[in-house]
Amino acid sequence: MGEKYKRIETAVIHEGYDSKDHLGSLAAPIFQTSTFTFDTAEQGERRFAGEEAGYIYSRLSNPTVKVLEERIAALEGGEAGLAFASGMAAVSAVLVALTKASDHIICSQGLYGCTFGLLQMMKDKYNISHDFCAMESAEQLGALIRPETACIYVETPINPTMKMVDLEMVANVAKNYNIPVVVDNTFSTPYLQKPLELGCDIVLHSATKYICGHGDVVAGLVVGKKEFISSVAMTTQKDIGGIISPFDAWLLLRGLKTLPIRMDRHSENTLKIFKKLRNHPIIDKVYYPGDLDHPDYHITVKQMKQGGGLISFEVNGSKQAAQKLLNHLRLIKIAVSLGDAESLIQHPATMTHAVVPEESRRSMGISDQLVRLSVGLEAWEDIWEDLEQALNSLTEME
Ligand SMILES: *Cc1c(COP(=O)(O)O)cnc(C)c1O
């Protein structure tokens, strides 16, 4: 395939599509079709045998979806991409493709809740065990590697505590053992962080979040080497079937065009909100990768272009104080998900991480006072004024 556009601001708009191929249509057409006709029986035979390129059936491949797959592959600097019906369809297709019964997975100390649930299911059903690792040093990670370790699975920044994992360090350790490293790049997007360039092997996304950017699609994406992507396409994607619809692929292509300017604004707004929160008297702790005093700031600088749009903080008080804060907000909406134009706030202990047992939650640093804010694209002053009035109402009433 090869990247045609080396600057990401141009690639998000043009990569993988040429209007000349489609009657001059500026926007990629939506090929809303389940199947494709063959001219002759022999042509059908050749297509199925892989002797002739061309479309067969939309679970195998679709032209609109293909534009999206080529575009995300180029943006991540990978050889090939695949699109799925959800982030979890992508996560499960990758993890099932990489493992067999009785294998072992090493994962970062903090995972998206449903990824945590999937690993638990794989353990119960197929005896595929997993170890959590803080991944603070090569020695710490190396000590967990076993002959049956099938992959290392990393999220960074880690949700919702914003701890960072040094991806280059992880990739270097994994190379010594020939173990693939999978990175969930949902929080950063290729605009802020490019795991493949740091030596990791597979990148995946919940495209529901920043890639879409408008809160109107649930989707997933995977990028990696051609050989691996083909194997997923022909097994866990084709035979389990969590494919994206052409219309959703089209919405993601539309959302992607503004990814760089959206990520710039998300990061700028968040840094401003961070500085205000840090100085507010009833906020105990604020977690943001772009914080110069963050213990992992040296990792942020090394692998991220900016701090991104997510921030977590602890309200002085109890779970009730955190809930009261949410209930007093007017502009900022109470909702899980992230990366939308609208600012969204949630309470991890009772929402995204409610399934994690309390003890594990505490060891992951998720207290009952912690709230996570996905800073939107509104004027930052409006976001702050809303937060400030809600924070002030807490002290007034107590
Ligand atoms: C949302 C999310 C997922 C799951 O994606 P869906 O699109 O909701 O299936 C996976 N990983 C991370 C980090 C997420 O935020």
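1. In this predicted model, β1 and β7 (residues 220–224) run antiparallel and are joined by five bridges. One pair to check by eye: G81 has V223 in β7 as its bridge partner.

2. Helix α9 (residues 226–237) packs on the sheet here, with contacts to β1, β6 and β7. The direction of α9 makes about 25 degrees with that of β1.

3. The sheet as a whole is open and has seven strands. Their order is β1-β7-β6-β5-β4-β2-β3, and the pairing is mixed. At the edges sit β1 (80–84) and β3 (129–133), each pairing on one side only. On average, neighbouring strands of this sheet are turned by 20 degrees against each other, direction ignored.

4. Helix α4 (residues 87–98) also belongs in the picture. α4 lies across β1, β2 (104–108), β4 (149–155), β5 (181–184), β6 (202–206) and β7. Relative to β6, α4 runs at about 150 degrees.

5. Now the ligand. Its surroundings are S86, G87, M88, Y112, D184, T186, F187, S206, T208, K209, V218 and A219.

6. Which polar atoms of G87, M88 and T208 face ligand oxygen, backbone or side-chain? For G87, a polar backbone atom is 2.8 Å from an oxygen atom of the ligand. For M88, a polar backbone atom is 2.9 Å from a ligand oxygen atom. T208 uses a polar side-chain atom, 2.6 Å from an oxygen atom of the ligand.

7. On burial: the ligand taken alone exposes 380 Å², and the protein buries 91% of that.

How values were computed
Residues numbered from 1 in each chain as written. Predicted model: local features only at pLDDT ≥ 70, side-chain atom pairs only at ≥ 80, totals over all residues. Heavy atoms only, no water. Pairing = 2+ DSSP bridges. Helix = DSSP H or I, 4+ residues; strand = E, 2+ residues; numbered from the N terminus. Axes fitted to C-alpha atoms, helices over the stretch in contact; angles between N-to-C directions. Contact = heavy atoms within 4.5 Å. Near = heavy atom within 4 Å. Polar contact = N/O pair within 3.5 Å; in protein donor to acceptor, adjacent residues only side chain to side chain. Areas by Shrake-Rupley, 256 points an atom, 1.4 Å probe, with all protein chains shown as cover.
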